[in-house]
Amino acid sequence: CRSRIEKNQGCNHMTCSTCKYEFCWICMGDWNEHGASTGGYYKCNKFDAGGSSSGVADGDQSDAAKAKRDLDRYLHFYKRFHAHQEAQ
């Protein structure tokens with residue numbers, strides 16, 4: 001409905017006060033897609049090293065590949081930390 005929203009505390013389960021649409025604050029996806037059958041309510045906060053879009057093969061053990069995987073992991077968690085800090 002394009003209403004302005006503000007997350008000021010709490011979990012990632014959001015409900016629009018205007019249209020009552022329920023969604024995830026992290027991925028903005030429909031909350032119905034965040035149940036136990038789809039990976040759990042906290043799937044957007046879990047780091048999936050195999051699912052990262054880094055373009056680096058999991059078996060690649062070069063220093064550059066390891067650095068890229070470490071950076072991907074760091075950025076994943078930093079984005080969540082920053083979003084939490086902004087919501088307080």
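User: How much of the protein chain is buried?
Analyst: Buried residues make up 19% of the 88 residues in the protein chain. Keep in mind that this is a predicted model.

User: OK. How confident is the prediction, in pLDDT?
Analyst: The protein chain averages a pLDDT of 82. Of its residues, 90% score at least 70.

User: And which element has the lowest confidence, and which the highest?
Analyst: Confidence is lowest in α1, with a mean of 88. It is highest in β2, at 90.

User: Why should I care about low values?
Analyst: Where pLDDT is low, the predicted coordinates should not be read in detail.

User: Got it. What secondary structure is there?
Analyst: The protein chain has one helix and two strands. Along the sequence, the pattern reads β-β-α.

User: Where does the helix sit?
Analyst: Helix α1 covers residues 63–87. L71 is in that helix.

User: Is L71 doing anything on the surface? I mean, which patch is it part of?
Analyst: L71 helps make a nonpolar surface patch of about 500 Å². The other members are Y74, L75, Y78 and F81.

User: How accessible is L71 itself?
Analyst: L71 has a relative accessible area of 43%, so it is partly exposed.

User: New topic. How many salt bridges does the structure hold?
Analyst: The structure holds one salt bridge. The side chains of D72 and K68 meet in it, at 3.2 Å from N to O.

User: How far apart are those two along the helix?
Analyst: D72 and K68 are four residues apart in helix α1. Therefore about one helical turn separates them.

User: Is D72 buried or exposed?
Analyst: D72 is buried, because its relative accessible area is 13%. Its partner K68 is partly exposed, with a relative accessible area of 30%.

User: What about disulfides? How many are there?
Analyst: The structure holds zero disulfides. C1 is in none, and the nearest cysteine sulfur, that of C16, is 3.5 Å away.

User: Why doesn't C19 bond with C1?
Analyst: The sulfur of C19 is 3.6 Å from the one in C1, its closest cysteine sulfur, so the gap is too far for a bond. The cut-off for a disulfide is 2.5 Å.

User: How accessible are C1 and C19?
Analyst: C1 is exposed, with a relative accessible area of 62%. C19 counts as partly exposed, at 38% relative accessibility.

User: Next, backbone angles. Which sign does phi mostly have?
Analyst: Most residues other than glycine have a negative phi.

User: So what is the phi of R2?
Analyst: Phi of R2 is near 70 degrees. That is a positive value in a residue other than glycine. R2 is found in the segment before β1. It is exposed, with a relative accessible area of 85%.

User: And what about K20's phi?
Analyst: K20 has a positive phi of about 70 degrees, and it is not a glycine. K20 is found in the loop between β1 and β2. At 55% relative accessibility, K20 counts as exposed.

User: Which residues does T15 touch?
Analyst: T15 touches K20, Y21 and E22, leaving out residues up to four places away in sequence. T15 lies in strand β1. It counts as partly exposed, at 45% relative accessibility.

User: How far is T15 from W25?
Analyst: They are ten residues apart in sequence. In space, T15 and W25 are 9.6 Å apart, C-alpha to C-alpha.

User: Where is N12?
Analyst: N12 is found in the segment before β1. Strand β1 itself is residues 13–15.

User: Buried or exposed, that N12?
Analyst: N12 counts as buried, because its relative accessibility is 18%. The cut-off for buried is under 20%.

User: So what is N12 in contact with?
Analyst: N12 is in contact with K7, F23, C24, W25, I26, W31 and N45. That leaves aside its neighbours within four places in sequence.

User: Last one. What does the accessible surface of the protein chain come to?
Analyst: The accessible surface comes to about 6700 Å². Carbon and sulfur atoms account for 50% of it.

Terms used. Residues numbered from 1 in each chain as written. Predicted model: local features only at pLDDT ≥ 70, side-chain atom pairs only at ≥ 80, totals over all residues. Heavy atoms only, no water. Patch = residues over 30% accessible without salt bridge, like charges linked within 9 Å, V, L, I, M, F, W, Y side chains within 5 Å. Areas by Shrake-Rupley, 256 points an atom, 1.4 Å probe, with all protein chains shown as cover. Salt bridge = Lys/Arg side-chain N within 4 Å of Asp/Glu carboxyl O. Buried < 20%, exposed > 50% of the residue type's maximum accessible area, 1.4 Å probe, protein only. Contact = heavy atoms within 4.5 Å. pLDDT = per-residue confidence, 0-100.
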